[in-house]
Amino acid sequence: MVFNRTNLFYFICLWSLTLIPCIAFDNPVTASSSLPNQYQPENVLDGNPKTRWASGAFKQHPEWLQVDFKKNVSIDKLAINWENAFALDYNIQVSDDREKWKTVRHIKGGKGGREIIEKLSAKGRYLRISCLKPGPHSLFSIWEIEFPESNLAGIIKEAIEKRNTERREMQNDAANRLVKYGAKEIILAARPIVGEHWYANFGYYAERPDKLYRDGTKLYHLDIPGKKFSVLLEDSKGGIRDPQLSYDGTKILFSYRKDGSEYYHLYEATLNRKSDAPPSLSELRELTTGPWDDIEPSYLPDGNIVFVSSRGKRWVNCWLTPVAILYRCDADGKNIRPISSNNEHDNTPWPLADGRIIYTRWEYVDRSQVHYHHLWVVNPDGTGHMTFFGNLHPGIAMLDAKPIAGSDKVIASFSPGHGQTEHMGSVTIIDPKAGPDNMSFARELTKEKDFRDPWAFSEDCIIAARNASLMLVDGKGEFVEIVKLPEEDVKAGFWLHEPRPLMTRNRETIMPSRVNLTKETGQLFLSDIYEGRNMTGVKRGEIKKILILETLPKPINYTGGMDPLSYGGTFTLERILGTVPVEEDGSAYFEAPALRSIFFVALDENDLAVKRMQSFTTVMQGETTGCVGCHEQRVKTPLAAGTNRKMAMTRQPSHIEPIKDVPDIIDFPRDIQPILNDLCVKCHDYEKTDKGGPRSGKLILSGDRGPMFSHSYYMMTIARLFSDGRNQARSNYEPRTLGSSASKILTRLDGSHHDVKASPVQKKILRLWIESGAAYPGTYAALGSGMIGGYSQNRQVNTDLEWPTTRDGAQVIDKRCVSCHNEPGRLLPKSISDERGISFWQPNIGDPRLNTSRHIVFNLSRPDKSILLLAPLSRKAGGWGLCHTSNTNEYREIFADKNDPDYQKLLAMCVAGKEHLEQIKRFDMPDFKPRPEWIREMKRYGILSKTTGSNDMINVYKVEKKYWESLWCQPQKAKQRQQGTM
């Protein structure tokens, strides 16, 4: 990664999530936080002037360094040798119990360097340096602390020596425990990391040359009794990750990015043994190739391999990095095929004893982007995808799951929130016997949340990586360091990764395949759509159809929000596939396209939504699968044999019936705005007509462009004219609370609202637009383009803040408007980019600031119709004359006519916005060109010709359709492979 000041701060913030190393005995020197590896708090008293403590990033709360003298002592003089990251303000504190602290000196305006604090006259067992305000850097760092003219340093030295003796004894005990389990040897990887999201550790950024990995790596053999590391493979400019041992312990499968390559591929090597010497590698074989990253491989019991790969040609929906999905291949790397259709990331697959594969699936279908990354299972052939644990409970990333030998339980890293760098989390044991939704059956062992890659020999003996150390964790959550990487690795910033015991293990159950690769569909059976949770009030016979939708992969992405795809709503485009019937008894049976991410909406006799699915399912080619009902309890099973046969099973499976007169992907400007123009704009525009207006009901539904969306799209969103899942950590809503049944816009078009009545086709298009996520563009080529004040990597870009017209306009707003517009519901943006503190990725739809947002007050199609101008302009001059005094509510004339110099400055501000938008082009404007990064990826995927240039005119809708179709299963090729003709 190439660092600048901004992303260095981001990098440091991620590091600060790592707590200081801790073991099961008292450490004389501790800290509130520290950077990992060589920046530990004990360095300040080691007598070495070249080692230091460094805190995590300062976040407006004190960072402290603490010394435990083990007994009450007198402290009169203290010397602090600061590194460049010194504290401007800090306190010297003492305590007898670590609960009540007494400040004995407050230092304000610290200078750094060597600072001597005298005449403290303090007493206590504990001394704390509490840093309150950083100096030139966003953290604090100390080389050494000294206690001149006292014996306190000797007391601490004695305590450290005692601690080190205890550490060695405990390390030896831990090593002996592993040996008793047969784990005399460990294979592991060592490499530096990039401080990014838990999934972003391969590939590259969308619009920067930075890579999501760092160079330098070693594959190690570790002798546990001797605590000796031996290098099996080293590459100073490459990367090694995810080692896995064969069942007989003679081969290593791993992911390797060789020097000179940008991509990780699967490799296998043989472990050679000679006498008692450490093993060596031979017969190193590259199993996979190509411009894709293949990572996290695991042996399957039938001899084949499961892994995750970026061959899925998709990017994370809410960041700017590629993602990987589940694949499998033969033992020699041939016959690679996907076994997942996820739009987001699949992670760390591992076989369970019963033959299924447990893995982490991250997904969000019209719900929160950062809360649903839980454990799923799938059969090795790709059939039977099913939740294993946690999908109903937001807020934990469940990663690195593996079975615990001799039980049905699994061990995993529970990484808090959206997940931490390299899967850091708490070591957790999961018992699945109560089903996937009972969180009380997940037992968190460690309170500390910086463990990674756990491996359980039993519930009471678990190894895990922690920064540069290999740790042993017991069933009570107590832990001890077994060994640390060699000092040269620690200094190079290496972490210890993926520890695997070198020992034989039993093969899991071999599951026969249920796929037929010559087919392009599978079959889904629904036993009873009325059987399920949260179905109160839904009467039998009420549901007539199932609408089938497909959530579509992104070929590229640029930031953490959803703009301009929606305003606080969907992150993805959703294709309308069609409908299938539901029988009178609630059953349904239909064919579905294989390896596509599909989800369902239950419809009533009027085609209105009754219940909506907020996850996706997928079927493999030739697979027949099903479920009990709509959001049923996962511990339930379908009806037992001998009960009444379901009606849908008495016939052939239904084919999905396409919906006529509706595009499969709806584009708001192209498909929805013409309906609004026909039915609504006569009243809901900027001018009075014979039907009404201007701005009837304070609602604008014209297609005029704002800085990011059209005015109609923005106003429909904040006026809640449609109901969608939004970006919220909530799922399984009550019936008729999501989608068309809960959307007010449809009730305004039935003739009851000023006799406005939509045609059947108009109503159908509007209804299906809502059901398919209510997106603004109908193409991902719109991402990162056509916006003033859009976002890149969560930072606002392409702003107007430095435009002379913006500066002049802001001065006018300060002079003429702010005296009245000084409350949340009246605040005016002072630039076309001014969000006024509103979240760009999760706005609160009830926030009164939305009513005067930049997205509505600036008109970049007709600048003179900007509400910023119409509201203060007198009616006689063609304005709305809306301004009143804030206390008496009397009419207040701001601009008597358009000749007012300040009016002209505001108009110039809006005109400049229009002119700039016409230069950068929005997706619905003539001569729109997609971003170079979109073109780059489409060329890489083989969709666009290699000769395509950034100035070529491209039909982005057709190109993306071709891109999505390229991801579909190709039965003809599969048939040829089976027949040996390919």
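**Helix α2, aromatic pairs and backbone exceptions**

Helix α2 covers residues 152–180, 29 residues in total. At 1.5 Å a residue, the helix should span 42 Å. Its end C-alpha atoms are 42 Å apart, so the expected and computed spans agree. The model is predicted.

The buried residues of α2 start with Leu152, Ile155, Ile156, Ala159 and Ile160 and continue with Arg163, Gln171, Ala174, Ala175 and Leu178. Arginine and glutamine thus appear in the list alongside leucine, isoleucine and alanine. The packing partners of these buried residues are strands β3 (63–75), β29 (452–458), β30 (461–466), β31 (469–473) and β32 (479–484). Just after the helix, glycine 182 adopts a positive phi of about 90 degrees.

Aromatic contacts come next. The structure contains 38 aromatic pairs. One of them joins phenylalanine 722 and tryptophan 769 in an edge-to-face arrangement. The centres are 5.2 Å apart, and the planes make an angle of 75 degrees. This pair links distant parts of the chain, 47 residues apart. Phenylalanine 722 belongs to the loop between α5 (711–718) and α6 (744–747), whereas tryptophan 769 is part of helix α7 (residues 760–771). Both phenylalanine 722 and tryptophan 769 are buried.

Tyrosine 776 and phenylalanine 923 form another edge-to-face pair. Here the centre-to-centre distance is 5.2 Å, with 85 degrees between the planes. Tyrosine 776 is located in the loop between α7 and β41 (790–792). Phenylalanine 923 is located in the loop between α11 (901–920) and α12 (932–940). The pair therefore ties together parts of the chain that are 147 residues apart in sequence. Tyrosine 776 is buried, at a relative accessible area of 0%. Phenylalanine 923 has 7% relative accessibility and so also counts as buried, the cut-off being under 20%.

The residues of these two pairs belong to a cluster linked by ring pairs. Its members are Tyr567, Phe668, Phe709, Tyr713, Tyr714, Phe722, Trp769, Tyr776 and Phe923.

Rings also receive charged groups. The charged end of arginine 128 lies over the ring of tryptophan 101, at 4.1 Å from the ring centre. Arginine 505 places its charged end over the ring of tyrosine 247, at 4.4 Å from the centre.

The backbone shows several exceptions. Most residues other than glycine have a negative phi, and most peptide bonds are trans. The bond joining aspartate 563 and proline 564 is cis, with omega about 0 degrees. Proline 564 sits in the loop between β35 (545–551) and β36 (574–581). A cis peptide bond also runs from glycine 693 to proline 694, where omega is near -5 degrees. Proline 694 falls in the loop between α4 (668–679) and α5.

Positive phi values occur at aspartate 366 and asparagine 798, neither of which is a glycine. For aspartate 366, phi is about 55 degrees. This aspartate occupies the loop between β22 (357–362) and β23 (372–378). Its relative accessibility is 7%, so aspartate 366 counts as buried. For asparagine 798, phi is about 50 degrees. Asparagine 798 is found in the loop between β42 (795–797) and α8 (804–816). At 32% relative accessibility, this asparagine counts as partly exposed.

Definitions and conventions. Residues numbered from 1 in each chain as written. Predicted model: local features only at pLDDT ≥ 70, side-chain atom pairs only at ≥ 80, totals over all residues. Heavy atoms only, no water. Helix = DSSP H or I, 4+ residues; strand = E, 2+ residues; numbered from the N terminus. Expected span 1.5 Å × (residues − 1). Buried < 20%, exposed > 50% of the residue type's maximum accessible area, 1.4 Å probe, protein only. Contact = heavy atoms within 4.5 Å. Phe/Tyr/Trp six-rings, centres within 6.5 Å; stacked < 30°, edge-to-face > 60°. Lys NZ or Arg CZ within 6 Å of the ring centre and 35° of its normal.
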